[in-house]
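Q: Please take a close look at the metal site of this structure, and follow it outwards into the parts of the chain that supply it.

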Amino acid sequence: MIVCRSEAEIARMLTANQLVADVLAALEATVAEGVSTWDLDEMAERLVRDGGAEPAFKGYRGFPATLCTSINEEVVHGIPSRTRVLARGDVISIDMGVKLGGYYGDSATTVAVGEVPEATRQLLQVTRESLDRAIAQVQVGGRLSDVSHAVQQWVEAHGFAIVREFVGHGIGEKLHEDPQVPNYGAPGRGPKLQAGMVLAIEPMVAMGRPETKVLSDGWTAITRDRSLAAHFEHTVAVTAAGPLVLSAPRTSAPAAG
Ligand code: MG
Ligand code: MG
């Protein structure tokens with residue numbers, strides 16, 4: 001069942017998601033050669049708790065950390081570690097969820113560590129743009145698969161591959177709610193989008209083949225061909241006025257006076 005949220009609930013979800021956006025921005029600014037994924041995770045947990053929230057992933061089905069940190073061929077669900085130190089040329093997906101005031105926020109970004117090859121920059125750019133194109137389809141009266149199709153169309157038009165084993169999701173009082181939001185499919189299918197639905201849309205894109213496997217840690221998903229992967233995610237509400245990206249970074253306020 002897909003829940004439609006009231007305006008008051010959307011406001012609470014905005015608060016939760018804005019904390020996610022703030023923490024991701026701080027982490028993005030901290031990503032550098034020599035920083036461990038453990039360092040990032042400690043920083044994230046401190047900022048989440050300082051914000052009055054709880055990490056959503058820590059303890060979720062036994063996941064041990066606040067962040068999923070997935071480097072290079074790791075697609076999603078990488079576990080932060082003291083021994084995993086960022087090197088120049090890496091790309092790292094940072095995925096984070098929080099629970100605040102009874103509601104969840106969830107967002108992810110992929111960041112390059114220093115200079116990366118043009119093809120890598122393009123992978124990140126195309127994946128991010130596929131998310132923007134999906135968000136543009138979040139319209140009352142549209143269909144869920146219009147969102148999915150927008151991701152697939154953009155990604156495949158640029159020669160990259162859609163990871164299919166993982167999908168986006170509804171979100172609200174639980175981290176994962178109905179519906180599932182695949183990143184592929186024909187348009188015009190599935191539930192009609194209604195005001196108050198909230199979707200976590202999260203394209204996962206591989207530079208090579210899209211098949212994945214989970215490592216022996218039980219979590220980390222990598223591309224089987226070890227090709228690079230990128231992952232971006234926003235939590236988006238359907239409103240009568242169009243898509244409301246709850247986890248969009250705040251635009252900086254003009255200086256007072
Ligand atoms: Mg996420
Ligand atoms: Mg998610």
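A: In this predicted model, the magnesium ion (ligand 1) and the magnesium ion (ligand 2) lie 3.1 Å apart, and Asp106 coordinates both. Asp95 lies in strand β4 (residues 91–100) and Asp106 in strand β5 (residues 103–112), so this pair ties together parts that are 11 residues apart in sequence.

Taking the ions in turn, the magnesium ion (ligand 1) is coordinated at 2.0 to 2.7 Å by Asp95, which is listed twice through OD, by Asp106 through OD, and by Glu233 through OE. Along the chain, the donors of this ion follow the spacing D-x10-D-x126-E. Both aspartates are enclosed by protein: Asp95 has a relative accessibility of 6% and counts as buried, while Asp106, with a relative accessible area of 2%, is buried as well. The cut-off that matters here is 20% relative accessible area, under which a residue is called buried.

The magnesium ion (ligand 2) has Asp106 (OD), His169 (NE2), Glu202 (OE) and Glu233 (OE) as its coordinating atoms, at 2.1 to 2.3 Å. Its donor residues are spaced D-x62-H-x32-E-x30-E in sequence. Within this set, Glu202 and Glu233 link distant parts of the chain, 31 residues apart: Glu202 is in the loop between β9 (198–201) and β10 (204–206), and Glu233 is in the loop between β13 (229–231) and β14 (234–239). Glu202 and Glu233 are both buried.

The strands around these donors can be followed further. Strand β9 is covered on both faces, with Val198 and Ala200 buried on one side and Leu199 and Ile201 buried on the other. Strand β7 (residues 168–170) runs antiparallel to β9 and is joined to it by two bridges, and within this pairing Gly170 stands opposite Leu199. Strand β9 also pairs with β14, again in the antiparallel sense, over four bridges; here Ala200 has Thr235 of β14 as its bridge partner.

Beyond the metal site, some side-chain contacts elsewhere in the model complete the picture. The structure holds one aromatic pair. The ring centres of Phe63 and Trp219 are 5.0 Å apart and the ring planes stand at 85 degrees, so the pair is edge-to-face. This pair, too, links distant parts of the chain, 156 residues apart, with Phe63 in the loop between β1 (54–55) and β2 (67–71) and Trp219 in the loop between β11 (212–214) and β12 (221–223). Phe63 counts as buried at 3% relative accessibility, whereas Trp219, at 21%, counts as partly exposed.

Two arginines are placed over aromatic rings: the charged end of Arg133 sits over the ring of Trp154, 3.5 Å from its centre, and the charged end of Arg164 sits over the ring of Tyr184, 4.2 Å from its centre.

Finally, helix α3 (residues 118–136) has 19 residues that should span 27 Å at 1.5 Å a residue, and its end C-alpha atoms are 27 Å apart, which agrees. The buried residues of α3 include Leu123, Leu124, Val126, Leu131 and Ile135, and among them are also Thr120, Thr127 and Ser130.

Conventions. Residues are numbered from 1 along each chain as its sequence is written. Chains are lettered from A and ligands numbered from 1 in the order in which they are written. This is a predicted model: local features need pLDDT of at least 70, side-chain atom pairs count only at pLDDT 80 or more; totals for chains, interfaces and linings use all residues. Side-chain values use heavy atoms; hydrogens and water are left out. Donors are N, O and S atoms within 2.8 Å of the metal (3.2 Å for Na, K and Ca); water is not among the atoms, so sites may look incomplete. Buried means under 20% relative accessible area, exposed over 50%, partly exposed in between (1.4 Å probe, protein chains only). Two strands pair if DSSP finds at least two bridges between them. Rings of Phe, Tyr and Trp (its six-membered ring) pair if their centres lie within 6.5 Å; planes under 30 degrees apart count as stacked, over 60 as edge-to-face and the rest as tilted. A charge sits over a ring if NZ of Lys or CZ of Arg is within 6 Å of the ring centre and within 35 degrees of the ring normal. The expected span of a helix is 1.5 Å times one less than its number of residues.
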